[in-house]
Amino acid sequence: MASSSYSNSPCAACKFLRRKCMPDCIFAPYFPPEEPQKFANVHKIFGASNVSKLLNEVLPHQREDAVNSLAYEAEARMKDPVYGCVGAISVLQRQVIRLQKELDATNADLMRFACNEMPSNSHHDHSQRRNNNMSGSSHHFGHNSGLYFGSPWSDHPDPCGDQRGGGGNM
C-alpha cells in the first residue's frame, strides 16, 4: 500500500481536485503524488465522488485491490471507450481459440505422419522396430515414436487407435 506524506505533498487525488489533503484522506494511500495519471483516469471514468463512496463501502483490506481494478478498467476505457477491459479479454479469448485450433491441426498432422510411418507388417516386426528406435539406431523424428502432443482442453484419444505408449497428453 502506498502512502502519502501529508505534510509535504498532497496525494494525486487531492492535488487533481485542488483541495487540502487531510491525514484521513480516503484517496491518499492508493493515489500517491507520483502517480497523478492514475487518479486522473479513474476520476474521468468513474468520478471522485463515486470512487470515494466505493472505497468507504469496501473493507479496508480490499481497498487496494478495488483501486487497482478501477485504475485498470479506467485505463482500458481510455483506450477503448465502448468495451474497456472486456474488449481486451475478448481479444485474448479469440487468440486462445485460434491457437487451440492451430494446436489441434498440428496434432492431427503429427498423428497422420506417425500413423503413415507405422509399419503394416506383423506385431513382432513393429516391436523390433520400436526397440531399435528406443536404442537410438534410428534418428527419424516421429517414426514409431508414439508422440502425441495433446492439449488439456482436448478429449481426443490417440487418432492412430493403438496402444503405442505416449498416446496420452503431455
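Lys79 counts as exposed, at 67% relative accessibility, because the cut-off for this class is over 50% relative accessible area. In this predicted model, the side chain of Lys79 meets that of Glu75 in a salt bridge, with 3.5 Å from N to O. Glu75 counts as partly exposed, at 40% relative accessibility. The two residues, Lys79 and Glu75, are four residues apart in helix α4 and are therefore separated by about one helical turn. An α-helix has 3.6 residues a turn, so residues three or four places apart point the same way.

The count of salt bridges in the model comes to five, and the table lists some of them, including the one just described.

| Salt bridge | Closest N to O distance | Helix |
|---|---|---|
| Lys79 and Glu75 | 3.5 Å | α4 |
| Glu73 and Arg77 | 2.7 Å | α4 |
| Glu102 and Arg98 | 3.9 Å | α5 |

Glu73 and Arg77 are likewise four residues apart in helix α4, about one helical turn. Glu73 is buried, with a relative accessible area of 15%, whereas its partner Arg77 counts as partly exposed at 26%. In helix α5, Glu102 and Arg98 also lie four residues apart, about one turn of the helix; Glu102 counts as partly exposed at 44% relative accessibility, and Arg98 is partly exposed with a relative accessible area of 47%.

Helix α5 covers residues 85-117 and also holds Val86, which counts as partly exposed at 46% relative accessibility. Together with Val82 and Tyr83, Val86 makes a nonpolar surface patch of about 320 Å².

The chain as a whole has six helices and zero strands, and its pattern along the sequence reads α-α-α-α-α-α. Of the 170 residues in the protein chain, 32% are buried, while the accessible surface comes to about 11,400 Å², with 55% of that area belonging to carbon and sulfur atoms. Among the contacts with a separation of 6 or more, 50% are between residues 24 or more positions apart.

How do the helices pack around α2? The buried residues of α2 pack against α1, α3 and α4, and these buried residues are Lys38, Phe39, Ala40, Asn41 and Val42. Helix α2 (residues 36-46) packs against helix α3 (residues 48-57) at an angle of about 100°, with their axes 7 Å apart, and α2 and α3 are therefore roughly perpendicular to each other. Where they meet, Phe39, Val42, His43 and Phe46 in α2 touch Ala48, Asn50 and Val51 in α3. Just after α2, Gly47 takes a positive phi of about 85°.

The angle between α2 and α4 is about 75°, with their axes 8 Å apart, and that makes α2 roughly perpendicular to α4. The residues of α2 that meet α4 include Lys38, Asn41 and Val42, and those of α4 that meet α2 include Glu73, Glu75 and Arg77, residues already named for their salt bridges.

On the side of α1 (residues 12-17), Ala13 has its place in that helix and is buried, with a relative accessible area of 0%. Leaving aside its neighbours within four places in sequence, Ala13 is in contact with Phe27, Phe31 and Phe39. Although Ala13 and Val42 are 29 residues apart along the chain, their C-alpha atoms are separated by 9.7 Å.

Technical notes
Residues are numbered from 1 along each chain as its sequence is written. This is a predicted model: local features need pLDDT of at least 70, side-chain atom pairs count only at pLDDT 80 or more; totals for chains, interfaces and linings use all residues. Side-chain values use heavy atoms; hydrogens and water are left out. Patches are made of residues with over 30% relative accessible area and no salt bridge: like charges are joined within 9 Å, nonpolar side chains (Val, Leu, Ile, Met, Phe, Trp, Tyr) within 5 Å. Accessible areas come from the Shrake-Rupley method with a 1.4 Å probe; for residues, only the protein chains shown count as cover. A salt bridge is a side-chain nitrogen of Lys or Arg within 4 Å of a carboxyl oxygen of Asp or Glu. Buried means under 20% relative accessible area, exposed over 50%, partly exposed in between (1.4 Å probe, protein chains only). Axes are lines fitted to C-alpha atoms, for helices over the stretch in contact, and angles run from 0 to 180 degrees between N-to-C directions. Angles under 35 degrees count as roughly parallel, over 145 as roughly antiparallel, 65 to 115 as roughly perpendicular and the rest as oblique. Contact means heavy atoms within 4.5 Å.
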